[in-house]
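These are my notebook entries on one structure. I record what I looked up, entry by entry.

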Amino acid sequence: MSLPEDIFSFKGKVNLKNPDNTFGLLEYYGANKTEPPDKPFKIYFGRWIADGQRDLIQQFHLTKRHFIGNTSMDAGLSLIMSNLGQVKQNSFVFDPFVGTGSLLVACAHHGGYVMGTDIDYLLLHAKARPSRHNQKQRLADESIQSNLSQYGLGHHYLDILVADSSKHKMWRCQPMFDAIITDPPYGIREGAKRIGTEKDDCFVTDDVKNGHIPQRVEYQMADIFKDLLNFAARFLNMNGRVVFWFPVSRESYTEENLPTHPCLRLDSNCEQTLSTRISRRLITMVKYKEFKDEDMGTAEISVDHYDNKPFRDLYFKNHRAIHNQ
Ligand SMILES: C[S@@+](CC[C@H](N)C(=O)[O-])C[C@H]1O[C@@H](n2cnc3c(N)ncnc32)[C@H](O)[C@@H]1O
């Protein structure tokens, strides 16, 4: 195969020792290693932009992580999510469904200052059942802070709070986060919960408030994603990004099924296939419009693609398990 004659006709001087630009030529001989063809199928020519960083996947691998749980996000996907969120030096990053903080580890590696919330007190306080099969009890120092310290990122830890992400009243009402990176519960292992009560007239009197453990009710999938976008629209800085996984039925999915908010525009939508019937979409949305009072609670979602059933039903109908939800 011959190359076009003018392909190397650069005008500048060649400086092999200290080049301004490095060019590479790749020859593609196909996948048959035993009988490769004499000539390449394709030749690629390009300028070096950056080295790949796949070694980070090993560096942050969950097998070596101090604190993990049943739904800890793997290192590769966590790094991709942080990249989609454009997390960089000094970004203020929040995960409202923080779990064991895997997403925050990746964001801190990219220079973000990180905080999160989770409703699960036992998990955040190292009192939940251990996830490693050879471990009987959690160690007292298993925490998101210790995970960050393990990688020399302890100074990027801001705080983790036990809180319900369906309630936004505890926050000062102003944009503050540069990125919200999260993996909400899909309610597969157990139904997702939020603080609430089935009865309308139920309230807690002052004399029993101290030490009161609030009741929980089912947290419907549609509400999880509406609450997330309502929160993002209000608390993200302008051009800030919300990155999250959204489970779908592959059969009935169309882009119209994705949740929307008037202050957020869809930036990217990737699919990770989980089985023949279901997949999850990795969604990135950018805040492009200032949040006004009339935008309060205006997130919308069509739930038709679950046939009005919880995602859990679809998942178990299928029998082929996803291992990490
Ligand atoms: C899929 S897991 C997140 C896993 C996390 N990315 C990690 O790497 O460990 C979802 C988390 O959401 C939490 N959660 C469920 N309902 C919640 C709620 N109403 N408010 C806040 N967190 C909630 C669960 O306790 C669980 O830890």
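**Entry 1: two residues in loops**

I began with A126, which I found in the loop between α4 (121-124) and α5 (144-150). The model is predicted. I looked up the backbone angle of A126 and noted a positive phi of about 55 degrees, although the residue is not a glycine. Is A126 buried or exposed? Its relative accessibility is 10%, so A126 counts as buried; the cut-off for buried is under 20%.

I then turned to Q86, which also is not a glycine and has a positive phi, here of about 50 degrees. I located Q86 in the loop between α2 (75-84) and β3 (92-95). The relative accessible area of Q86 is 46%, so I entered this residue as partly exposed.

**Entry 2: the ligand**

I next listed the surroundings of the ligand. Which of the 22 residues around the ligand come nearest? I wrote down T100, S102, D118, S165 and K193. Sorted by class, the shell around the ligand has eight nonpolar, eight polar and six charged residues.

I looked up three polar contacts of the ligand. A polar side-chain atom of T100 lies 2.6 Å from an oxygen atom of the ligand. K193 takes part through its backbone: a polar atom there is 2.8 Å from a nitrogen atom of the ligand. I119 likewise uses a polar backbone atom, which is 3.2 Å from a nitrogen atom of the ligand. How much of the ligand's accessible area does the protein cover? On its own the ligand has 600 Å² of accessible area, and the protein covers 93% of this.

**Entry 3: a nonpolar patch**

On the surface I noted a nonpolar patch formed by F10, F23, L25 and F45. Together these residues have about 360 Å² of accessible area. I followed F23 further and placed it in strand β1 (residues 23-28). With a relative accessible area of 39%, F23 is partly exposed.

**Entry 4: salt bridges**

Before the count, I recalled a general point: side chains of opposite charge can pair when their charged atoms come close. How many salt bridges does the structure hold? I recorded eight and looked up three of them in detail.

In one, the side chains of R138 and E142 meet at 2.7 Å, N to O. I noted that both R138 and E142 are buried.

In another, the side chains of D267 and R241 meet at 3.3 Å, N to O. D267 lies in strand β10 (residues 264-273) and R241 in strand β9 (residues 236-249), so this pair ties together parts that are 26 residues apart in sequence. I compared the cover of the partners: D267 is partly exposed, with a relative accessible area of 34%, whereas R241 counts as buried at 10% relative accessibility.

The third bridge I looked up joins the side chains of E271 and R250, at 3.5 Å, N to O. It links distant parts of the chain, since E271 is in strand β10 and R250 in the loop between β9 and β10, 21 residues apart. Both partners are partly exposed: E271 has a relative accessible area of 39%, and R250 stands at 35% relative accessibility.

Finally, which residues are joined into one network by salt bridges that share partners? I entered R241, R265 and D267.

How values were computed
Residues are numbered from 1 along each chain as its sequence is written. This is a predicted model: local features need pLDDT of at least 70, side-chain atom pairs count only at pLDDT 80 or more; totals for chains, interfaces and linings use all residues. Side-chain values use heavy atoms; hydrogens and water are left out. A residue is near a molecule or strand if one of its heavy atoms lies within 4 Å of it. A polar contact is a pair of N or O atoms within 3.5 Å; within protein, one must be able to donate a hydrogen and the other to accept it, and residues adjacent in sequence count only if both atoms are side-chain atoms. Accessible areas come from the Shrake-Rupley method with a 1.4 Å probe; for residues, only the protein chains shown count as cover. Ala, Val, Leu, Ile, Met, Phe, Trp, Tyr, Cys and Pro count as nonpolar, Asp, Glu, Lys and Arg as charged, and the others, Gly among them, as polar. Patches are made of residues with over 30% relative accessible area and no salt bridge: like charges are joined within 9 Å, nonpolar side chains (Val, Leu, Ile, Met, Phe, Trp, Tyr) within 5 Å. A salt bridge is a side-chain nitrogen of Lys or Arg within 4 Å of a carboxyl oxygen of Asp or Glu. Helices (H or I, at least four residues) and strands (E, at least two) are DSSP runs, numbered from the N terminus. Buried means under 20% relative accessible area, exposed over 50%, partly exposed in between (1.4 Å probe, protein chains only).
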